[in-house]
Amino acid sequence: MRWQHPVFVCLILALTLIVIPAASEEAGVSVLDPWVRESPPGVTMMAGYMALRNNTSRPQVLMAMSSSGFATVMIHRTIVKNGVASMVHASQIELKPSASFIFSPGGYHLMLMNPKRTLRAGDRVDINLEFRGGLVLPVAFEVRK
Amino acid sequence: MISTVALAAMLGAVWLAGIYRGHDSRAMLLPDQVMTIFSEPKPLTAFALTDHKNRVFDFASLKGKWSFLFFGFTHCPDVCPTTLAVLARTRDNIAKNRAGAEDIQFVFISVDPNRDTADKLSQYVAYFHTTFLGVTGNDAQIANLAGQLGAAYQVAFKPGLEDYPVYHTTTVFLVDPRARFHAIFTLPLDAETISRRFKALQELERAKAT
């Protein structure tokens, strides 16, 4: 049989060794540079940004977010069409295997409504990222001006 | 394709040469993505709004100053704070090495007067820059100035709903000291480019006047 050739066996073993640690790597999704823009006084709408990287070989889907720091956390996307900005709600974000996804000003952002306390530059606020399959990543977002 | 790249490279080289020559403002005003200058600036007509200190902001308020106008609303979490932060840096850049910079003003025009009271606007604009003005008015007053500038916006107000959506242009409008609509800045906005291009335009206009 072709598949029993020693080279293939070694190859499959090697692949298994590579794939297993990646798939079982802690969290499976990395969060890079999570930050929240400090808001002017009296403003109850804030935006959070970050980059997500899927370290696994399976798609990962960001389904929901929760935080004790805000009444509501949603995924929004700023869309500029014919020079006019609007925001649309995104129900989930799918990260393809080994892919990255960036939340940045003028694009996708976490819409953070009604902060429970005044957040100033330098503060940290925790937001839980909930993925399909039960993975929950607690992430400390840094407040920046 | 190749010719487009070559043309872009050539334009880039000419533009850079302009900067290095330093004195020829015209060379620095070649078209780019950020700023569009109108060859025939459009004179604005009467309008009246109210600023964050409940003072009148009208046609006369534009005279004698270069005005950077931006339409938005304070409940805007992404585009407005991003743009106002860029404009604050722009102002600091322009004011650098120049005493006062009294001949420029930055005006945030709220299209959401229902939520953006004078008090609210006052706190909001001061957060970005102490010199910024926040103005608003009733629907007809806002529509008047927005219409003259071609500034698109829509407030999807729903009674009882606190977080109704507001759509607004991302363009920054530049009105010259003769109250003429002179140029626009479009995304992606960056403070260094805006201030550099603005200074070049200002120099050119000064040269024309003398």
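1. Start with A:Asn114, which is partly exposed, having 13 other C-beta atoms within 10 Å. That count puts A:Asn114 in the in-between class, because exposed would need 12 or fewer and buried 20 or more. A:Asn114 sits in strand S8 (residues 108-115) of chain A, and its phi is near 50°, a positive value in a residue other than glycine. Bear in mind that this is a predicted model. As background, most residues other than glycine have a negative phi.

2. A second asparagine deserves the same kind of look. B:Asn54 has a phi near 65°, again positive in a residue other than glycine. Where is B:Asn54 placed? It lies in the loop between S2 and S3 of chain B. With 10 other C-beta atoms within 10 Å, B:Asn54 is exposed, because the cut-off for that class is 12 or fewer.

3. While you're checking backbone geometry, look at the peptide bond from B:Leu187 to B:Pro188: it is cis, with omega near 0°. B:Pro188 belongs to the loop between S10 and helix H6 (191-209) of chain B. For context, most peptide bonds are trans. There is also a positive phi of about 70° at B:Gly150, just after H5(B).

4. On to confidence in chain A. Its mean pLDDT is 86, and 81% of its residues reach 70 or more. The stretch to be wary of is residues 15-26 of chain A, where the pLDDT is below 50; beyond near neighbours in sequence, that stretch has 7 contacts in the model.

5. What is the make-up of chain A in helices and strands? It has 1 helix and 10 strands, with the helix coming ahead of the strands in the pattern α-β-β-β-β-β-β-β-β-β-β. Of its 145 residues, 26% count as buried. Take the contacts in chain A between residues at least 6 apart in sequence: 68% of them join residues at least 24 apart.

6. Strand S1 (residues 29-37) of chain A has two pairings to look at. With strand S2 (residues 45-54) of chain A, S1(A) pairs in the antiparallel sense over 6 bridges, and A:Trp35 has A:Tyr49 as its bridge partner in S2(A). With strand S10 (residues 136-144) of chain A, S1(A) pairs in the parallel sense over 3 bridges; here A:Arg37 is bridged to A:Arg144 in S10(A).

7. Now the interface. Contacts link 20 residues of chain B with 19 residues of chain A. On the chain B side, the elements giving two or more residues are helix H3 (79-95), helix H4 (118-128) and strand S8 (166-169). H4(B) gives the most, with 4 residues. By type, the chain B side divides into 9 nonpolar, 9 polar and 2 charged residues. There is strand pairing across the chains too: strand S5 (residues 84-90) of chain A and S8(B) run antiparallel and are joined by 2 bridges, and A:Val84 has B:Thr169 as its bridge partner.

8. Chain B has an open sheet of 8 strands in the order S1-S10-S9-S4-S5-S6-S2-S3, with mixed pairing. Strand S1 (35-43) and strand S3 (56-58) of chain B are its edge strands, each pairing on one side only. Ignoring direction, neighbouring strands are turned by 30° against each other on average. Within this chain, strand S9 (residues 172-175) and strand S10 (residues 180-185) run antiparallel with 4 bridges between them, and B:Val172 stands opposite B:Phe185. H4(B) packs on the sheet, touching S2, S5 and S6 of chain B, and its direction makes about 150° with that of S6(B).

9. H4(B) is worth a second look for its inner side. Its buried residues are B:Lys120, B:Leu121, B:Tyr124, B:Val125, B:Tyr127 and B:Phe128. They fall within an arc of 150° seen down the axis of H4(B), so they line one face of the helix. Note the lysine in that buried set, B:Lys120. These residues pack against H3, S5 and S6 of chain B.

10. Last, helix H5 (residues 139-149) of chain B. B:Ile142, B:Leu145 and B:Ala146 are its buried residues; down the axis of H5(B) they fall within an arc of 100°, so they line one face of the helix. Their cover includes strand S2 (48-51), strand S4 (66-72), strand S5 (104-110), strand S6 (133-136) and strand S7 (153-155) of chain B. The face of H5(B) turned away from the buried side carries exposed B:Ala140 and B:Gly147.

Methods. Residues numbered from 1 in each chain as written. Chains lettered and ligands numbered in written order. Predicted model: local features only at pLDDT ≥ 70, side-chain atom pairs only at ≥ 80, totals over all residues. Contact = placed C-beta atoms within 7 Å. Nonpolar A, V, L, I, M, F, W, Y, C, P; charged D, E, K, R; others polar. Pairing = 2+ DSSP bridges. Arc of directions from axis to C-beta. Axes fitted to C-alpha atoms, helices over the stretch in contact; angles between N-to-C directions. pLDDT = per-residue confidence, 0-100.
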